[in-house]
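Let us take a walk through this structure together, one piece at a time. Have a look at the picture first, then read on.

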Protein chains: 2
Amino acid sequence: MATLDDIARELGVSKGTVSKALNGAKDVSQKTKQSVLETAVKLGYFRAPRNAPSQKLALFVINMEYKKPEDFGYDVISGFRITAEPAGFLVDVIPLTRQMQFDWHYDDFMIREGYCGGFLLGLSLSEPWLNEIADCKTPTILYDNYIRGNPRVTSIGIDNEEGIEMAVHYLQSLGHQKIGYLSSDLNSQVYRKRYDAFIKAMSTSGLVADDSVMGADFHVNICLTNHLPRLLKNECTAILCSHDVLAHSVMIHCLELGLRIPEDISIMGFDDIPLCRYTAPPLTTIRQKRTSLGKSAFSALINQLNHVPMGTLLLHAELIERASCGPVNRKD
Amino acid sequence: MATLDDIARELGVSKGTVSKALNGAKDVSQKTKQSVLETAVKLGYFRAPRNAPSQKLALFVINMEYKKPEDFGYDVISGFRITAEPAGFLVDVIPLTRQMQFDWHYDDFMIREGYCGGFLLGLSLSEPWLNEIADCKTPTILYDNYIRGNPRVTSIGIDNEEGIEMAVHYLQSLGHQKIGYLSSDLNSQVYRKRYDAFIKAMSTSGLVADDSVMGADFHVNICLTNHLPRLLKNECTAILCSHDVLAHSVMIHCLELGLRIPEDISIMGFDDIPLCRYTAPPLTTIRQKRTSLGKSAFSALINQLNHVPMGTLLLHAELIERASCGPVNRKD
């Protein structure tokens, strides 16, 4: 990791000037401050805040609810904090806005604010910082975004292939052969992974996965109106959904059509959001262990700070059996 | 994690009997000892050795040299020990034999010997314990074997796709378009991953990867006599090899044929074994960070022991530029 001396040498100025520039002293010109900051970023310098007992970590959240115990992000953040804070780190949870991303470069922000590492939750592919993180110098953990080739970045998430495989095997063990799949937007890396994993798992299970039993759209309503009727017409006896919210909507729609769950049709979700226990019937799903995700993120970050460059870290999936799936009801 | 009480309840015997059975007391019958042990394994019980200040971890090695600093396993084991031992664990390094695997079931061995976790290096697909580990109860880390679906097992290794992608991009940046690929046995999970990754990376780079430029065989000599001539005849200007030892043989063979390296042909390896610095010319390759692999294995094991079920952990690859690759020499 670069030091103040490295920055001073690179710019041909004194170490004192570098230090003052980084601390925003008034007797250093704006131009010098800017070039010191740029050089600090280029060389990969991180400053430990003065007189601070702890090192600071930034946990950014966007596109995700996290303030209440029933929100997906709540447990992830708790898992991160309950491992990071006893280890002597201060964790700032920062709601990330588009404006912030336009106002600041990621590395600049981290250095100026004295963060030695970042954990980012919920970034969509169109988020400006996601492009910057492909080349960032700050040790950084991404949840559910997979970036290759930057040794400072670890991608963490659940093993989606394992999860989908578990779901297909489970439904097959209940006698289902016509298994449908409904998905949200395939421009999302995660939904694409799950979609591809479904095709693979069906194929290795000797079952057919083609357009007659699969459908994807960004809008839940379009899934319900354009794809679900086709799956039902093609006599799917079970439908696996890319995520629980979609599964819940499919469940309600099927009930409205007079179908019994699971007697007439089994519905299965993915994620195990807290809602799943309270749907009618309670939703069978694949669990992402949210607290473990947060703990893993801190573990990966500590390894990054110790120069152990983890690239990808996938948690095991877990099948959660509730009441929305049952044995196939063969029509005689 | 199961307790002595759980085992006693399951078998309908006293806790004292269970404890005595596990400690090999003479006044407990062999039959009882056996059923206590089996129940302990079934319930996932691990015993902390009596009066032992530390918990014990077993590091098994097979099919891999590890005793000298120039051996591949040496740094992996060091990386594991330098993180595990300061954390209060005793690490036993155990050469694993076929006989041991026939004599013992993996979980039985771990419980009887008082190990709370295992790290296994170098298991081939035909190793008897690999099948047992698919359902084992002991927290276990596998290097370069990828097992899905058992929450107690973490697979660690380098990101082979990232490494092969780096290699192809690097050779392409030197002007190479006809890039050959030679591989060891494709029944190995790792060599298969690298082989498939080569086809993918070539395709996304707009280059052709087919039988005219690719070859694989378990025997290095067959690679040299059956595949290398085809690659040379088809005017490959660079050859990427699945691992350094093969690359080294290819290099010697090319030199014997009167080809200059890298002027006439670029040769590139994978792994960065210590030998690579001393070949003539020194071998350009993709590094597996061996010490980091060992450290990651311990990190994954600690997470397993804390019930954070990591499934897959991939380290970043790193391009190591030496002298065996150069700009393409276009014939006029």
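## Starting at the axis

Among the residues of chain A, Leu313(A) comes closest to the rotation axis, with its C-alpha at 2.2 Å. Keep this residue in mind as you read, and remember that you are looking at a predicted model.

What axis is this? Two copies of a chain are related by a rotation about an axis and a shift along it. Here, a turn of 180° and a shift of 0.0 Å along the axis lay chain A on chain B with an RMSD of 0.1 Å. This is the relation of a two-fold axis.

## Where the two chains meet

How many residues of each chain take part in the contact between chain A and chain B? There are 22 residues of chain A in contact with 22 residues of chain B. On the side of chain A that touches chain B, the elements giving two or more residues are helix H8 (160-173), helix H12 (290-305) and strand S11 (310-315) of chain A. S11(A) gives the most, with 6 residues. Sorted by class, this side of chain A has 7 nonpolar, 8 polar and 7 charged residues.

Of the interface residues of chain A, 100% are also interface residues in chain B, so the copies meet through the same surface. You can follow this at the strands: S11(A) pairs with strand S11 (residues 310-315) of chain B in the antiparallel sense, over 5 bridges. Within this pair, Leu313(A) stands opposite Leu313(B). That is the residue we began with, the one of chain A that comes closest to the rotation axis.

## A sheet built by both chains

Now follow the strands outward from that pair. They belong to an open sheet of 12 strands with mixed pairing, in the order S2(A)-S1(A)-S3(A)-S4(A)-S5(A)-S11(A)-S11(B)-S5(B)-S4(B)-S3(B)-S1(B)-S2(B). Which strands lie at the edges of this sheet? They are strand S2 (89-95) of chain A and strand S2 (89-95) of chain B, each of which pairs on one side only. On average, neighbouring strands in this sheet are turned by 15° against each other, direction ignored.

In chain B, strand S5 (residues 153-158) pairs with S11(B) in the parallel sense over 4 bridges. Here Ile156(B) stands opposite Leu313(B) in S11(B). Helices pack on the sheet as well. H12(A) touches strands S1 (55-61), S3 (115-121), S4 (140-143), S5 (153-158) and S11 of chain A, together with S11 of chain B. The direction of H12(A) makes about 165° with that of S11(A). Helix H4 (residues 72-84) of chain B also packs on the sheet, touching S1 (55-61), S2 and S3 (115-121) of chain B, and its direction makes about 160° with that of S2(B).

## A sheet within chain B

Chain B also has an open sheet of 4 strands, in the order S7-S6-S8-S9, with parallel pairing. The edge strands are S7 (214-216) and S9 (266-268) of chain B, each pairing on one side only. Neighbouring strands of this sheet are turned by 15° against each other on average, direction ignored.

Strand S6 (residues 179-183) of chain B pairs with S7(B) in the parallel sense over 3 bridges. One bridge joins Ser183(B) to its partner Ala216(B) in S7(B). Helix H10 (residues 220-233) of chain B lies across S6, S7 and S8 (238-241) of chain B, running at about 175° to S7(B). Helix H11 (residues 244-256) of chain B packs on this sheet too, touching S6, S8 and S9 of chain B, and its direction makes about 160° with that of S9(B).

## Stepping back to chain A

How is chain A divided into domains? The assignment gives domain 1 (4-158 + 293-316) and domain 2 (160-288). Taken over C-alpha atoms, the centres of the two domains of chain A are 37 Å apart. Their contact takes 9 residues from domain 1 and 9 residues from domain 2. The side of domain 1 that touches domain 2 has 5 nonpolar, 2 polar and 2 charged residues.

Taken as a whole, chain A has 12 helices and 12 strands. Its C-alpha trace spans about 85 × 35 × 30 Å along its principal axes. Chain A has 332 residues, of which 45% count as buried. Among its contacts between residues at least 6 apart in sequence, 68% join residues at least 24 apart.

Note on methods: Residues are numbered from 1 along each chain as its sequence is written. Chains are lettered from A and ligands numbered from 1 in the order in which they are written. This is a predicted model: local features need pLDDT of at least 70, side-chain atom pairs count only at pLDDT 80 or more; totals for chains, interfaces and linings use all residues. Domain bounds come from an automatic or database domain assignment. Two residues are in contact if their C-beta atoms, placed from the backbone, lie within 7 Å. Ala, Val, Leu, Ile, Met, Phe, Trp, Tyr, Cys and Pro count as nonpolar, Asp, Glu, Lys and Arg as charged, and the others, Gly among them, as polar. Copies are superposed by least squares on the C-alpha atoms of residues with pLDDT of at least 70 in both. Two strands pair if DSSP finds at least two bridges between them. A residue is buried if 20 or more other C-beta atoms lie within 10 Å of its own, exposed if 12 or fewer, and partly exposed in between; C-beta atoms are placed from the backbone. Axes are lines fitted to C-alpha atoms, for helices over the stretch in contact, and angles run from 0 to 180 degrees between N-to-C directions.
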